[in-house]
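Student: Please give me a close look at the surroundings of the bound ligands, and then follow whatever leads from there into the rest of the chain. I would like a connected account rather than a list.

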Amino acid sequence: MLGGVILMWMMLGWVPMAESAIGVNWGTVSFHKLKPSTVVDLLKDNKIPKVKLFEADPDVLKALMGSGIQVMVGIPNEMLALLSSSPVSADLWVRHNVSAYMGKGGADIRYVAVGNEPFLTSYNGQYQNMVMPAIQNLQQSLVKANLASYIKLVVPCNADAYESSLPSQGAFRPELTQIMTQLVQFLNSNGAPFMVNIYPFLSLYDNGDFPQDYAFFEGTTHPVTDGNNVYSNAFDGNYDTLVAALGKLGYGQMPIVIGEIGWPSDGAIGANITAAKVFNQGLITHVLSNKGTPLRPDAPPMDIYIFSLLDEGAKSTLPGSFERHWGIFSFDGQAKYPLNLGLGNKELKNAKNVEYLPSRWCVASPSTDSQNVANHMRIACSVADCTTLNYGGSCNGIGEKGNISYAFNSYYQLQMQDSRSCNFDGLGMITFRDPSVGDCRFLVGVTDKGSDSSGSQILCQWWVIAAFLIIQMIFSL
Ligand SMILES: *[C@@H]1O[C@H](CO)[C@@H](O)[C@H](O)[C@H]1NC(C)=O
Ligand SMILES: *[C@@H]1O[C@H](CO)[C@@H](O)[C@H](O)[C@H]1NC(C)=O
Ligand SMILES: *[C@@H]1O[C@H](CO)[C@@H](O)[C@H](O)[C@H]1NC(C)=O
């Protein structure tokens, strides 16, 4: 019956309108990593169909095998020099990091992201000329591996690759015109989308004049009027600037995927739980409404990958203290706020079976006087994460003693609760009472040490024995 209906549609030339797929970025720059299998279960419980990775971590790819989740594997910028200059290295990369995981019961790798924002202005062109040669080499490697029709190469571009005050006037940065022309020709000939990362939060954070409500999707008192088109949110404006830039190169219809988009929840003014929830929910509702944008009505982005799945407490804070707080889940897989991803669950579901360290914390002992402690605190916070203490952060108001305790605890958890790491020349002490105050959470670390493989080995042996016994039973009947 259904087959007949579909056949009829096909005969009438009717193609069902594609809805945007929602995926997530899974970065692993964390001091307290969850077991990859725990994260894959988290993805499955939340019905998340697509995941984007920043590298080819073997444990992560193994955990994704057989999950049915579509995977984008990333290649870090640092590898571009090698891959652009050596076809053999590209072959090896594909064999080692893609082919090895594919096949029946394997990982469903659909995309390889070549570099990560390689055209960022702050790189001063360092990676610019490596991108196309790396792509050519990798494409040849995919062809040789018989994967070129299944796996598409893409380049996640930063939004500063193009510019304009009005969306309809959008154009790529002049020095990128040639590379972008080659890139979109390549993408087009392979049926691959253009991938871009869009961050209204950064526009707001970097620019005091940026109208706050324009960053969100709730309507604005500062719309951007562009001819007959009126833009009420930064996302649509930015997206159409890219559409116009692609149009200038003759590819105004090229499909667009949003490689990263999201809002941080801590560590800076404007980065908080409420704003993150309002932005992410507004974005998902907006995209899934299929309204599209003024330059692409009824055609929303092909896919959007939320940045990010989990907080990554070991990331560089160079962009700002918020950088460690982009997750819709905290580092340990707990939902920060209710969010409907439009994938079937009304709210996010937390990670299950998280293996925490014991419930204990390191705090400043009552006698600690703040004179001697500054150096300890500085060292603790230079290795562990103290970003929530900063102005605008969730722990900013906990007082001087609170600050010290927070720093001590972060360090102690980072050292996997090694009791020596709570000494601080006698200024620290271990407590079994949770020192968290209000929204300020004193973390307990997690461990990924209970290895997945030994677990499945035990399971396997158990099953072998059980199966053996059952067979014996059947034959003895
Ligand atoms: C596979 O990817 C990893 C991580 O991205 C990288 O370190 C490694 O060198 C790659 N393997 C090959 C053979 O290129
Ligand atoms: C959260 O951030 C938004 C903007 O990003 C801001 O308007 C709001 O005041 C912040 N809320 C708190 C409680 O800081
Ligand atoms: C706690 O530390 C933060 C970050 O360094 C600082 O902004 C704040 O003023 C400190 N609080 C006290 C009471 O010293």
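**Ligand surroundings and their setting**

Tutor: Around ligand 1 stand E55, A56, L92, W93, H96 and N97, and by class this shell has three nonpolar, two polar and one charged residues. The model is a predicted one, and that should be kept in mind for everything that follows. Ligand 2 has another set of neighbours, namely Q212, G270, N272, T274 and A275, and its shell divides into one nonpolar, four polar and no charged residues. For ligand 3, the surrounding residues are L389, N390, Y391, G399, E400 and N403, of which two are nonpolar, three polar and one charged.

To place these shells in the chain, it helps to turn to the domain assignment, which gives domain 1 as 17–324, domain 2 as 361–431 and domain 3 as 447–477. By these bounds, the residues around ligand 1 fall in domain 1, as do those around ligand 2, whereas the residues around ligand 3 fall in domain 2. The centres of domain 1 and domain 2, taken over C-alpha atoms, are separated by 36 Å, and the two domains meet through ten residues of domain 1 and nine residues of domain 2. On the domain 1 side, that contact is made up of four nonpolar, four polar and two charged residues.

The shell of ligand 3 also leads to a helix, since G399, E400 and N403 lie within the span of α12, residues 399–414. Helix α12 packs with helix α11, residues 374–383, at an angle of about 45° and with their axes 9 Å apart. Because this angle is neither under 35 degrees nor within the range of 65 to 115, the two helices count as oblique to each other, and their crossing is left-handed. The contact brings M377, A380, C381 and V383 of α11 against I404, A407, F408, S410, Y411 and L414 of α12, and its residues divide into nine nonpolar, one polar and no charged.

Two backbone details belong to the loop between β15 (303–306) and β16 (361–364), where S308 lies. The peptide bond from F307 to S308 is cis, with omega near 15°, and N353, in the loop between these strands, has a positive phi near 55° although it is not a glycine. As background, most residues other than glycine have a negative phi, and most peptide bonds are trans.

Note on methods:
Residues numbered from 1 in each chain as written. Chains lettered and ligands numbered in written order. Predicted model: local features only at pLDDT ≥ 70, side-chain atom pairs only at ≥ 80, totals over all residues. Domains from an automatic or database assignment. Contact = placed C-beta atoms within 7 Å. Nonpolar A, V, L, I, M, F, W, Y, C, P; charged D, E, K, R; others polar. Near = placed C-beta within 6 Å. Axes fitted to C-alpha atoms, helices over the stretch in contact; angles between N-to-C directions. Helix = DSSP H or I, 4+ residues; strand = E, 2+ residues; numbered from the N terminus. Parallel < 35°, antiparallel > 145°, perpendicular 65-115°, else oblique. Left-handed = near helix turned anticlockwise from the far one by under 90°.
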